[in-house]
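Work through the three exercises below with the sequence and the 3D structure at hand. Try each task before reading its solution.

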Amino acid sequence: MTTAIEDRYQAELKQSDIDHHTPTAGAMAGHIVANLVVLANKLQQAKWYVKGPERFSLKPEFNLLMKTTQNQRDELGERLLAEGEIVPSTTSAFTEYAMLEEAGQNKYQTASWLVNNFVHDFETNNLFVTRAIKLSEKEDRPALTQYLTTLLFESRKTIADLQAYLGNDARTGLDDEDDDDED
């Protein structure tokens with residue numbers, strides 16, 4: 001039995017490598033799951049360490065964003081499993097597939113710096129969500145397309161709220177050209 005399990009896992013790793021070089025909606029969504037794991041960890045750190053007068057308003061907001069992000073990760077993972085996809089589920093897989101970066105020194109940054117960093121993290125993840133939407137449409141996967149479209153809206157609303165906190169318009173400092181990438 002152990003050999004069968006190892007064989008299945010090795011086949012999974014081989015397929016993941018293939019998907020990495022030939023993107024599919026499922027593979028792109030795996031990157032999104034990994035990004036959401038890292039983002040939730042960063043939000044946890046920010047919730048614990050945010051300093052200054054903003055602490056009292058940001059701590060509950062970071063907590064809410066963390067829980068929302070965790071729920072999105074779980075929901076996307078469940079949807080992928082329902083469609084027969086393999087979802088990243090280990091720390092090493094999250095590290096390999098995430099495009100967001102953690103840094104222990106971020107806990108010493110200002111509250112505004114943290115909020116701005118989250119704006120860019122959500123925007124980076126949106127690049128993957130947008131690409132996954134296009135791929136899922138091309139692959140005729142309407143349920144996945146619908147969920148990813150909702151995820152994109154929720155993320156853009158979060159960006160707008162965080163930008164407003166910083167006194168910015170929703171798209172200030174973000175590159176709008178990324179939304180217009182061709183297939």
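The exercises that follow deal with a predicted model.

**Exercise 1. The nonpolar core**

Task: Find which helices supply at least two residues each to the largest nonpolar core, and which helix gives the most.

Solution: Start with the core itself, which has 45 residues. Ile32, Phe62, Leu76, Phe118 and Leu148 have the most contacts inside it. Next, go through the helices: H2 (25-49), H3 (55-82), H4 (91-97), H5 (111-138) and H6 (142-165) each supply at least two residues. H2 gives the most, with 13 residues. Finally, look at Ile32. Leaving aside neighbours within four places in sequence, Ile32 is in contact with Leu76, Asn125, Phe128, Val129, Ala132, Leu148 and Leu151.

**Exercise 2. Threonine 145**

Task: Decide whether threonine 145 is buried or exposed.

Solution: First locate the residue: threonine 145 is in helix H6. Its relative accessible area is 12%. Buried means under 20%, so threonine 145 is buried. Then list its contacts, leaving aside neighbours within four places in sequence: Ile133, Ser136 and Glu137.

**Exercise 3. The second largest pocket**

Task: Describe the lining of the second largest pocket by helix and by residue class.

Solution: The pocket has a volume of about 190 Å³. It is lined by 15 residues, and Leu65, Thr68, Phe122, Glu154 and Thr158 are the closest to its centre. By helix, H3, H5 and H6 each supply at least two residues of the lining. By class, the lining of this pocket has six nonpolar, six polar and three charged residues.

Note on methods: Residues numbered from 1 in each chain as written. Predicted model: local features only at pLDDT ≥ 70, side-chain atom pairs only at ≥ 80, totals over all residues. Heavy atoms only, no water. Core = buried A, V, L, I, M, F, W, Y, C linked by side-chain atoms within 4.5 Å. Buried < 20%, exposed > 50% of the residue type's maximum accessible area, 1.4 Å probe, protein only. Helix = DSSP H or I, 4+ residues; strand = E, 2+ residues; numbered from the N terminus. Contact = heavy atoms within 4.5 Å. 1 Å grid on protein atoms, 1.4 Å probe; cavity = no way out; pocket = protein on both sides within 12 Å on 5 of 7 lines; lining within 4 Å. Points joined across faces, edges and corners; volume = space filled by probe spheres on them. Nonpolar A, V, L, I, M, F, W, Y, C, P; charged D, E, K, R; others polar.
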